Amino acid sequence: MAQQRALPQSKETLLQSYNKRLKDDIKSIMDNFTEIIKTAKIEDETQVSRATQGEQDNYEMHVRAANIVRAGESLMKLVSDLKQFLILNDFPSVNEAIDQRNQQLRALQEECDRKLITLRDEISIDLYELEEEYYSSSSSLCEANDLPLCEAYGRLDLDTDSADGLSAPLLVSPEHSTGPLQAAAPAHSHAGGPGPTEHT
């Protein structure tokens with residue numbers, strides 16, 4: 001708290017010093033310019049010769065002109081110090097500009113959030129429709145509509161293998177049946193053999 005109180009006091013003191021410098025420089029310029037005008041006035045005869053008086057007036061004008069230049073340079077330095085003071089310290093104008101910029105950025109952020117939420121909802125609807133289309137199309141490949149694609153194709157492969165296994169014995173069965181058929185034929189001829197023999 002002491003530091004926060006000391007800071008405004010230092011600012012106030014600095015502003016007072018700036019004000020004093022401004023008044024002093026302006027007063028110096030005005031006084032020296034007035035004296036230069038007075039010195040240029042032609043006076044009557046004095047105890048000092050005109051040549052000496054002219055040299056004295058010339059020297060005084062140079063000194064007062066240098067004082068005016070020095071006061072002008074001091075005013076330019078004061079302007080630079082005031083600019084630096086305005087940049088480095090928080091004044092209501094700076095705070096107002098910062099607040100306006102923050103409000104603009106917040107409005108932009110809210111707009112972006114609304115657009116992202118709308119985009120999320122649209123994507124969710126599209127994904128739901130795609131899932132429905134996928135499961136409805138995969139129902140012809142498997143009995144369950146909610147099976148994943150890999151499991152559906154796995155069942156399709158199992159059904160294909162089982163169908164191949166059932167068709168294989170049908171192809172092999174004629175080869176195994178030739179043996180009993182050939183064995184049965186001699187037995188039939190042997191059974192009919194005694195008939196002709198008895199007949200003879």
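The following exchange goes through side-chain contacts and surface exposure in a predicted model.

Biologist: How many aromatic pairs are there, and what is the angle between the planes of Tyr18 and Phe85?

Modeller: The count of aromatic pairs comes to two. One of them joins Tyr18 and Phe85, whose ring centres lie 6.1 Å apart in an edge-to-face arrangement. Planes over 60 degrees apart count as edge-to-face, and for Tyr18 and Phe85 the angle between the planes is 85 degrees.

Biologist: Which helices hold Tyr18 and Phe85, and are the two residues buried or exposed?

Modeller: Tyr18 belongs to helix α1 (residues 2-39) and Phe85 to helix α2 (residues 50-88), so that the pair links distant parts of the chain, 67 residues apart. As for their surroundings, Tyr18 and Phe85 are both buried.

Biologist: Why does the salt bridge of Glu35 and Arg64 tie together parts that are apart in sequence, and how many residues apart are they?

Modeller: The side chains of Glu35 and Arg64 meet in a salt bridge with an N to O distance of 3.9 Å. Because Glu35 lies in helix α1 whereas Arg64 lies in helix α2, the pair ties together parts of the sequence that are separated by 29 residues. Glu35 counts as partly exposed at 25% relative accessibility, and Arg64 is likewise partly exposed, with a value of 22%. The separation asked for is therefore 29 residues.

Biologist: Which residue is linked with Lys77 and Asp81 in a network of salt bridges?

Modeller: Lys77 and Asp81 meet through their side chains in a salt bridge of 2.9 Å, N to O, and both lie in helix α2, four residues apart, which is about one turn of the helix. Lys77 is partly exposed at 47% relative accessibility, whereas Asp81 is buried, with a relative accessible area of 11%. The residue linked with Lys77 and Asp81 in the network is Arg21.

Biologist: How many salt bridges does the structure hold, and which residue forms one with Asp121?

Modeller: The structure holds eight salt bridges. Asp121, which counts as partly exposed at 37% relative accessibility, takes part in one whose closest N and O atoms are 3.5 Å apart, and the residue at its other end is Arg120.

Biologist: Where does Leu119 lie, and what is the area of the nonpolar surface patch that it helps to make?

Modeller: Leu119 lies in helix α3 (residues 92-138) and counts as partly exposed because its relative accessibility is 44%. Together with Leu116, Ile123, Leu127 and Leu130, Leu119 makes a nonpolar surface patch of about 490 Å².

Note on methods
Residues are numbered from 1 along each chain as its sequence is written. This is a predicted model: local features need pLDDT of at least 70, side-chain atom pairs count only at pLDDT 80 or more; totals for chains, interfaces and linings use all residues. Side-chain values use heavy atoms; hydrogens and water are left out. Rings of Phe, Tyr and Trp (its six-membered ring) pair if their centres lie within 6.5 Å; planes under 30 degrees apart count as stacked, over 60 as edge-to-face and the rest as tilted. Buried means under 20% relative accessible area, exposed over 50%, partly exposed in between (1.4 Å probe, protein chains only). Patches are made of residues with over 30% relative accessible area and no salt bridge: like charges are joined within 9 Å, nonpolar side chains (Val, Leu, Ile, Met, Phe, Trp, Tyr) within 5 Å. Accessible areas come from the Shrake-Rupley method with a 1.4 Å probe; for residues, only the protein chains shown count as cover. A salt bridge is a side-chain nitrogen of Lys or Arg within 4 Å of a carboxyl oxygen of Asp or Glu.
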